[in-house]
Amino acid sequence: MSGLGIVPKGHRPCKKLWRKVHAANDNYAHHLSKRLVDMAVEWDARVIVFENLKHFRPDRNKHGSARMRQRIGYWLHRRVMKYTAYKAKARGILVALISPKDTSTRCSLCGSLETSRAGNILACRNCGTVHNSHVNAAINIGMAWFIREEKRLQQKTA
């Protein structure tokens, strides 16, 4: 394979393999988005909130070339958001994006940024609580949306 991303004629099986990988990823994105929307319906949710990872860049030291980092960073997240948005719209559910700033490092209980993380555990140095880091981030994402919407309502009524 040349450095230009063009598959030489003798290497067509690679192109076929990448087509299969793309189809598998697409299938996974559809199934995941369906599960998200079904769960939102089951819990009577009116909104599904995602982090806006438009400016996300994977770590330079972990994923090789810039092109590969870009592919890894966007490969599934955008598809899941896109598919969730149209499936949610059909069910009358809003899909919103919020800034990812500090969602994974802020303590969801006291709001402190003085936290330490070891794997999936987030410990707050301020209030002493220990959280699952994924659950903590999900709570912070939801709270960020509530805060943003509350500010919008206050501006409308002012």
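Is R106 buried, partly exposed or exposed? R106 is partly exposed, because its relative accessible area is 30%, and that lies between the 20% and 50% cut-offs. The model behind this value is predicted.

**Salt bridges**

Side chains of opposite charge can pair when their charged atoms come close. In this model the count comes to 7 salt bridges. R106 takes part in one of them, with D102 as its partner. D102 also meets K101 in a salt bridge. A further pair is R91 with D38. The table lists these pairs with the distance between N and O atoms.

| Pair | N to O distance |
|---|---|
| D102 and K101 | 3.2 Å |
| D102 and R106 | 3.5 Å |
| R91 and D38 | 3.5 Å |

The R91 and D38 pair links distant parts of the chain. R91 sits in the loop between α3 and β2, the strand at 94-98. D38 belongs to helix α1, residues 12-42. The two residues are 53 residues apart.

How exposed are the partners around D102? D102 itself is partly exposed, with a relative accessible area of 22%. K101 counts as exposed, because its relative accessibility is 63% and the cut-off for exposed is over 50%. R106, at 30%, is partly exposed. Salt bridges that share partners also join K34, D38 and R91 into one network.

Within that network, R91 is partly exposed, with a relative accessible area of 46%. D38 is partly exposed too, with a value of 28%.

**A buried loop residue**

Where is L76 placed? L76 lies in the loop between α2 (66-74) and α3 (77-90). L76 is buried, because its relative accessible area is 11% and buried means under 20%.

Which residues does L76 touch, not counting residues up to four places away in sequence? The contacts of L76 are N25, Y28 and A29. D26 can be placed by its backbone: the C-alpha atoms of L76 and D26 are separated by 7.9 Å. Along the chain, L76 and D26 are 50 residues apart.

**In brief**

D102 forms salt bridges with K101 and with R106. R91 and D38 connect a loop to helix α1. L76 is a buried residue in the loop between α2 and α3, and L76 touches N25, Y28 and A29.

Methods:
Residues numbered from 1 in each chain as written. Predicted model: local features only at pLDDT ≥ 70, side-chain atom pairs only at ≥ 80, totals over all residues. Heavy atoms only, no water. Helix = DSSP H or I, 4+ residues; strand = E, 2+ residues; numbered from the N terminus. Buried < 20%, exposed > 50% of the residue type's maximum accessible area, 1.4 Å probe, protein only. Contact = heavy atoms within 4.5 Å. Salt bridge = Lys/Arg side-chain N within 4 Å of Asp/Glu carboxyl O.
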